[in-house]
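Subject: Structure handover

Hello,

Here is the structure I promised to pass on. Please open it first, then read my notes below.

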Amino acid sequence: MPKKKTDWNEVAEQIIAAIDIRAAYVEMGVELAGESESQTGWIPCHAKGRDDQTASAAINIVTGRYRDHGGKGESMSLFDFAAKYGAFEDWK
């Protein structure tokens with residue numbers, strides 16, 4: 001019987017569904033600017049990797065997405081954010 005291919009999108013969705021996204025971002029140093037999320041799951045936060053005086057980024061606690069509304073306009077998944085800014089950013 002041939003080996004079943006791993007559906008990495010499905011694996012990512014399962015991980016996102018199983019973790020506390022808010023806590024994961026806070027653990028990676030994201031400074032939240034509020035506790036409650038919008039109807040679509042966005043919580044404002046301070047941008048990571050650049051100085052900002054007011055919250056100019058946001059995380060989505062439903063999808064795991066990070067979006068910087070200033071700077072270079074970074075938009076990335078939780079996994080990409082962890083690779084760039086998390087404790088294992090030097091994994092490469």
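Which pattern does the protein chain follow when read along the sequence? The pattern is α-α-β-β-β-β-α. That makes 3 helices and 4 strands. Please keep in mind that this is a predicted model.

Overall picture

Start with the dimensions. The C-alpha trace spans about 60 × 35 × 20 Å along its principal axes. The protein chain has 92 residues, and 30% of them count as buried. Its accessible surface comes to about 6600 Å². Carbon and sulfur atoms hold 53% of that surface.

Next, the contacts. Take those in the protein chain with a separation of 6 or more. Residues 24 or more positions apart account for 28% of them.

Then the charges. There are 11 positive and 15 negative ones. Their mean positions are 8 Å apart.

The core

How many residues does the largest nonpolar core have? It has 17. Those with the most contacts inside this core are Y25, C45, I59, Y66 and F81. Four elements give two or more residues to it: α2 (21-27), β1 (42-45), β2 (57-60) and α3 (78-85). As background, nonpolar side chains in soluble globular proteins tend to be buried together.

Two of those residues deserve a visit.

I59 lies in strand β2. Is I59 buried or exposed? I59 counts as buried because its relative accessibility is 0%, and the cut-off for buried is under 20%. Leaving out residues up to four places away in sequence, I59 touches R22, Y25, L32, G41, W42, I43, C45, R65 and Y66. Another pair to look at is I59 and I21. They are 38 residues apart in sequence. In space, their C-alpha atoms are 8.7 Å apart.

Y66 comes next. Neighbours within four places in sequence are again left aside. Y66 is then in contact with Y25, C45, A47, K48, A57, A58, I59, E74, S75, M76 and F81. So I59 turns up in the contacts of Y66, and Y66 in those of I59, given that contact means heavy atoms within 4.5 Å.

Helix α3

Which residues of α3 are buried? They are L78, F81 and Y85. These three lie on the same side of α3, because they cover an arc of only 60 degrees around the axis. What covers them includes α1, α2, β3 (66-68) and β4 (75-76).

Helix α1 and the loop after it

Now turn to helix α1, residues 8-18. A17 lies in this helix. So does A18. A17 counts as exposed because its relative accessibility is 68%, and exposed means over 50%. A18 also counts as exposed, at 65% relative accessibility.

Some distances help to place them. The C-alpha atoms of A17 and I61 are separated by 9.8 Å. Along the chain, A17 and I61 are 44 residues apart. For A18 and A82, the C-alpha separation is 16 Å. That pair is 64 residues apart along the chain.

Where does I19 lie? I19 lies in the loop between α1 and α2. I19 has a relative accessible area of 34%, so it is partly exposed. I19 and G49 are 30 residues apart in sequence. Their C-alpha atoms are 24 Å apart in space.

Where to look

If time is limited, begin at I59 in strand β2. Go on to Y66, which has F81 among its contacts. F81 then leads to α3, where F81 is one of the buried residues. Finish at A17 in helix α1, which counts as exposed.

Best wishes

Technical notes
Residues are numbered from 1 along each chain as its sequence is written. This is a predicted model: local features need pLDDT of at least 70, side-chain atom pairs count only at pLDDT 80 or more; totals for chains, interfaces and linings use all residues. Side-chain values use heavy atoms; hydrogens and water are left out. Buried means under 20% relative accessible area, exposed over 50%, partly exposed in between (1.4 Å probe, protein chains only). Accessible areas come from the Shrake-Rupley method with a 1.4 Å probe; for residues, only the protein chains shown count as cover. Lys and Arg count as positive and Asp and Glu as negative; His and the chain ends are not counted. The place of a charge is taken as NZ of Lys, CZ of Arg, CG of Asp or CD of Glu. A nonpolar core is a set of buried Ala, Val, Leu, Ile, Met, Phe, Trp, Tyr and Cys residues joined through side-chain atoms within 4.5 Å. The arc is that of the directions from the helix axis to the C-beta atoms.
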